[in-house]
Amino acid sequence: SFQDGELISLYVDRGEYGQSVHSAAGLECLACHTDISQYPHHEEDQITCTTCHPQKGGALNTEEAANTTLRVNVIYQDRREMVLTLSEACRSCHESEFEAATGSAHLRMLEGGNRDAPVCVDCHGSHDISKAGESRANISHMCGDCHRAVYSTYRTSVHGEALDEDSNPDVPTCTDCHGVHSVRGPRDASFRNDSITICGNCHADSSLMDKYNISTAVFQTYLDDFHGRTVDIFRRQETRNPSNKAVCYDCHGIHNIRRPDDPLSTIYPDNLQHTCQQCHADATIRFPEAWVSHYIPTWENTPALFGVNFAYKIVILPLVLGGFMVYIGIDAQRRWIDKRRQLRQVVEEAKEGLNDDYDFTE
C-alpha cells in the first residue's frame with residue numbers, strides 16, 4: 001500500500017512481459033529497477049504469512065493459500081509519485097527521447113506543477129511495452145485517455161473514421177500533427193504558422209493523394225492566394241508572431257475535419273458563410289461565391305476567370321513587359337545618340353578654339 005492508504009497490486013504477468021519489446025531485447029527486471037539490492041526491498045514493515053499464522057511450522061491449506069495475500073508498504077506517498085519516479089529510469093536508455101521532449105507541451109505542464117502531465121509510463125505502459133507504431137489506431141486511443149473530448153471529436157472526422165476502420169497508415173493520427181515526444185499544440189507560438197506544412201506533408205504529396213482521388217492543387221492554390229502567401233512568409237521568417245490570416249484548420253476544422261460534401265462540414269456550402277464570418281464579420285451570403293475554391297480555374301468550370309488569367313498571362317503580361325522593353329530600348333538608343341552628338345560638338349568646338357589661338361601664316 002502507498003502512504004496515503006491506496007492499494008496497488010505488485011503482480012507482474014510473466015507472459016505479458018514476455019511479449020514486450022524489453023523482454024525481446026533481453027532486459028531483466030534490474031535493468032529498470034536499479035535500486036533493488038535486497039529483499040525485502042526496503043525497510044518498510046511488511047505483512048507476511050506468519051503475521052496471520054504465527055505458529056512455528058504452521059502450514060497453509062490450499063484454500064488459505066489462495067486467499068492469503070502478502071502486503072507491503074511501499075516507499076511512495078501515492079501512485080502518481082511512483083509513476084513519476086519510475087519513469088526517470090527510462091532515461092538511462094532513451095536519452096534522445098528525453099532530449100526531444102525538452103520544451104514540449106507535456107514537459108512544460110509537468111514543470112509547472114501539474115503532476116498529471118503524461119510521462120513515459122502513461123503512454124508506453126510499464127511491463128507490456130509494445131513496439132512503437134505497432135497499431136496506429138492505439139495512438140489516438142492512448143491520447144484519448146487524457147484528451148477525451150478531442151478524441152470523441154476526432155474519431156468521427158474523416159481522418160478518425162478511416163483510422164479506426166483499418167489502422168490506415170496514410171491517415172494522420174495525433175502524433176503526426178502534434179509530434180511524438182516533442183509535443184506541440186496551439187499554445188506554441190510557431191504552431192499556427194507551421195500548421196500549413198503539417199497539412200502539406202500529406203496534401204502536397206501527389207503519390208499519396210492520387211490514391212484517394214484528391215488533387216494536390218488543394219494545397220498549392222492555398223499557397224498561391226492571399227492567405228497562404230502571408231502565412232508562408234511568417235513561417236519562412238521563423239517569427240514567433242503567428243499570422244492572423246486563415247490557415248487550413250480555420251476553414252476545415254481542427255479535429256472535426258469532414259468531407260466537403262458532408263452537411264456537418266465547416267466548408268459545406270450551407271455552412272461556408274458562417275465559416276468565413278469568423279474572420280470577415282460582415283460577409284454576406286454572396287461572399288463565399290467570390291471564391292473559386294482550391295481548384296485551378298478552367299474554361300469548363302469558370303470561363304470568365306479562366307479568360308482573365310489567360311489574357312493576363314498570354315496577352316497583357318507579355319504586352320506590358322514587351323512594351324517596357326521596347327521603351328527602354330528606344331530610350332537607351334536615344335541617350336546614346338545624344339551623347340555621341342554632344343561629344344562630337346565638344347571636339348569640334350575644341351578644334352575651332354585651337355585654330356583661333358594659333359596663326360598659321362607667321
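A salt bridge is a side-chain nitrogen of Lys or Arg within 4 Å of a carboxyl oxygen of Asp or Glu. This is a predicted model: local features need pLDDT of at least 70, side-chain atom pairs count only at pLDDT 80 or more, and totals for chains, interfaces and linings use all residues. Residues are numbered from 1 along each chain as its sequence is written, and side-chain values use heavy atoms, with hydrogens and water left out.

**Exercise 1. Salt-bridge count and network**

Find how many salt bridges the structure holds, and which residues Arg91 is linked with in a network.

Solution.
- Step 1. The count is 16 salt bridges.
- Step 2. Arg91 shares a salt-bridge network with Glu88 and Glu95.

**Exercise 2. The partner of Arg79**

Identify the residue that pairs with Arg79 in a salt bridge. Then state what the pair ties together.

Solution.
- Step 1. The partner is Glu6, at 2.8 Å from N to O.
- Step 2. Place both residues. Helices are DSSP runs of H or I with at least four residues, numbered from the N terminus. Arg79 sits in helix 5 (residues 79–87), and Glu6 sits in the segment before helix 1 (14–18), so the bridge ties together parts 73 residues apart in sequence.
- Step 3. Check accessibility. Buried means under 20% relative accessible area, exposed over 50%, and partly exposed in between (1.4 Å probe, protein chains only). Arg79 is partly exposed at 36%. Glu6 is partly exposed at 29%.
- Step 4. Look at Gly5, also in the segment before helix 1. Gly5 is partly exposed at 47%. Its C-alpha atom is 9.1 Å from that of Asn73, 68 residues apart along the chain.

**Exercise 3. A bridge between two loops**

Determine where Asp170 and Lys211 lie, and whether each is buried, partly exposed or exposed.

Solution.
- Step 1. The two side chains meet in a salt bridge of 2.6 Å, N to O.
- Step 2. Asp170 is in the loop between helix 11 (158–166) and helix 12 (174–178), while Lys211 is in the loop between helix 14 (206–210) and helix 15 (217–224), so parts 41 residues apart in sequence are tied together.
- Step 3. Asp170 is partly exposed at 22%. Lys211 is exposed at 57%.

**Exercise 4. The loop between helix 12 and helix 13**

Work out which side chains Arg184 and Asp188 meet.

Solution.
- Step 1. Arg184 forms a salt bridge with Asp194, with the closest N and O atoms 3.3 Å apart.
- Step 2. Arg184 lies in this loop and Asp194 in helix 13 (191–203), so the bridge ties together parts ten residues apart in sequence.
- Step 3. Arg184 is partly exposed at 27%, and Asp194 is partly exposed at 21%.
- Step 4. Asp188 lies in the loop between helix 12 and helix 13. Asp188 is buried, at 14%.
- Step 5. The Asp188 side chain makes a polar contact with the Arg108 side chain at 3.3 Å. A polar contact is a pair of N or O atoms within 3.5 Å; within protein, one must be able to donate a hydrogen and the other to accept it, and residues adjacent in sequence count only if both atoms are side-chain atoms.

**Exercise 5. Nonpolar cores**

List the residues of the largest nonpolar core, and name the helix that gives the most to this core.

Solution.
- Step 1. A nonpolar core is a set of buried Ala, Val, Leu, Ile, Met, Phe, Trp, Tyr and Cys residues joined through side-chain atoms within 4.5 Å.
- Step 2. The largest has seven residues: Ile196, Phe219, Tyr222, Leu223, Val231, Val247 and Cys248.
- Step 3. Helix 15 gives the most, with three residues.
- Step 4. Another core lies apart from this one, with five residues, including Val72, Val74, Tyr76 and Met82.
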